[in-house]
Amino acid sequence: MSPRLSTVILPYRRWHEGSRSAWVRAEELGFHAGYTYDHLSWRSFRDGPWFGAVPTLAAAAGVTERMRLGTLVTSPNFRHPVTLAKELISLDDISGGRVTLGIGAGGTGFDATALGQEPWTPRERADRFAEFVPLLDRLLTEDAVSYEGDFYQAHEARNIPGCVQRPRLPFAVAATGPRGLRLAARYGQAWVTTGDPKLYEDGTPEQSVQAIRGQAEKLAGACAEIGRDVTELDKILLTGFTPDRGRPLESLDAFVDFAGRHVELGFNEIVVHWPIPGSDFAADQKVFERIAMEAPAQLR
């Protein structure tokens, strides 16, 4: 089976001023999935328009029929498992069972302090994530959940009728560290990486491929620890954060070469950002659409 090609459509435009048409066009182009970021604001977009992920995905569900929808990624920075589970079950219902939850531990950006808290240390983020994911798993698979943890509580939280997808919608767990990879191995239907951030500024594409190979090997080790076959997990590469940056979208050949190197590492879903003029995700729309239509067949 040829690898799947998906896209991320950032929620920076009003629905009727370009956002709706992008989601419709993404399905027309044959993308496997359309994702969006789940942030309150993000980097250079902070002082401009930025809309919520769940309402955006609900709207996208109404104008698409086949394409999967999801977040890349949701984090505990401003989410609580109880309320998130209710929104996800609703979104899965609205979309007819097309939702994937991309989920990660979060970072130190604007989301980390928007609710008035001090930013968590890497260890605190990992501790919360280790509690967040199992509780969310229970909330999406059980009719009623009570839980008392170090960070999260649930008291007779009802989630009837549950997800359309059974036993629940899939988790795509973003992780590179040992604790996150263990969560991906145990709870994930997919694993997500953006590569090694330490290589973004000064690394080479070759170093990046080696680093990602190492991440994949560690995921395999985490799966082996619990007796799970690593091939059961889809492997998703979110592009745009490796030393290659935007070069893979400069031509069809450049993309096929880039994607092919990662398909050889076992990745079966490559995610590209919908072009945004004047940003880090700027790209020629015509070239982008040609890649969407022609690259999957060349990667078989």
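**Close-up 1. Thr-71 meets its partner across the S3–S4 seam.** In this predicted model, Thr-71 sits opposite Leu-101 of strand S4. Strand S3 covers residues 68-74 and strand S4 covers residues 99-103, and the two run parallel, held together by four bridges. If you're new to strand pairing, recall that the strands of a sheet pair through backbone hydrogen bonds, in either a parallel or an antiparallel way.

**Close-up 2. Eight strands go round and close the barrel.** Pull back from that seam and you can follow the ring in the order S1-S2-S3-S4-S7-S8-S9-S10. The barrel's pairing is parallel. From one strand to the next, the twist averages 25 degrees.

**Close-up 3. S7 has a barrel neighbour on each side.** With S4, strand S7 pairs in the parallel sense over three bridges. Look for Gly-102 here: its bridge partner in S7 is Ala-172. Strand S7 also pairs with S8, in the parallel sense and over three bridges. On that seam, Ala-174 stands opposite Val-192 of S8. To get from S7 to S8, the chain passes through helix H5, residues 178-187, and this β-α-β crossover is right-handed.

**Close-up 4. Helix H6 lies across two strands.** Residues 205-225 make up helix H6, which lies across strand S8 (190-193) and strand S9 (234-238). Against S8, the helix runs at about 150 degrees.

**Close-up 5. A hairpin of S5 and S6.** This view shows an antiparallel pair: strand S5, residues 144-148, is linked to S6 by four bridges. Val-145 is the residue to find in S5, and it stands opposite Ala-157 in S6. Four residues carry the chain through the hairpin that joins S5 to S6.

**Close-up 6. Two cis prolines in the loop between S6 and S7.** Which peptide bond leads into Pro-161, and is it cis or trans? The bond comes from Ile-160, and it's cis, with omega at about 15 degrees. Pro-161 is found in the loop between strand S6 (153-158) and S7. Pro-167 lies in the loop between S6 and S7 too. The peptide bond into Pro-167 comes from Arg-166 and is cis, with omega near 5 degrees.

**Close-up 7. Arg-43 has a positive phi.** Arg-43 isn't a glycine, yet its phi is positive, at about 45 degrees. You'll find Arg-43 in the loop between S2 and helix H2, the helix that takes in residues 53-63.

**Close-up 8. Looking into the second largest pocket.** This pocket has a volume of about 160 Å³. Strand S2 (33-36), strand S7 (171-174) and S9 are the elements that give two or more residues to its lining. Which of its 14 lining residues lie nearest the centre? They are His-32, Arg-68, Thr-100, Pro-170 and Asp-234. Sorted by class, the lining of the second largest pocket comes out as seven nonpolar, three polar and four charged residues.

**Close-up 9. The largest cavity and the residues around it.** As a reminder of the idea, rolling a probe the size of a water molecule over the atoms shows where empty space is left. Searching the whole structure turns up one cavity of 30 Å³ or more. The largest cavity holds about 30 Å³ of space. Its lining brings together Val-8, Ile-9, Leu-10, Tyr-12 and Arg-13 with Trp-274, Pro-275 and Ile-276. By class, that makes seven nonpolar residues, no polar ones and one charged residue.

Notes
Residues are numbered from 1 along each chain as its sequence is written. This is a predicted model: local features need pLDDT of at least 70, side-chain atom pairs count only at pLDDT 80 or more; totals for chains, interfaces and linings use all residues. Side-chain values use heavy atoms; hydrogens and water are left out. Two strands pair if DSSP finds at least two bridges between them. Axes are lines fitted to C-alpha atoms, for helices over the stretch in contact, and angles run from 0 to 180 degrees between N-to-C directions. Contact means heavy atoms within 4.5 Å. On a 1 Å grid over the protein atoms alone, a cavity is a set of points where a 1.4 Å probe fits but cannot get out, and a pocket is an open set with protein on both sides within 12 Å along at least five of seven lines; lining residues have an atom within 4 Å of a point. Grid points are joined across faces, edges and corners, and a volume is the space filled by probe spheres set on the points. Ala, Val, Leu, Ile, Met, Phe, Trp, Tyr, Cys and Pro count as nonpolar, Asp, Glu, Lys and Arg as charged, and the others, Gly among them, as polar. A crossover is right-handed if, with the strands pointing away from the viewer, the path from the first strand over the helix to the second runs clockwise.
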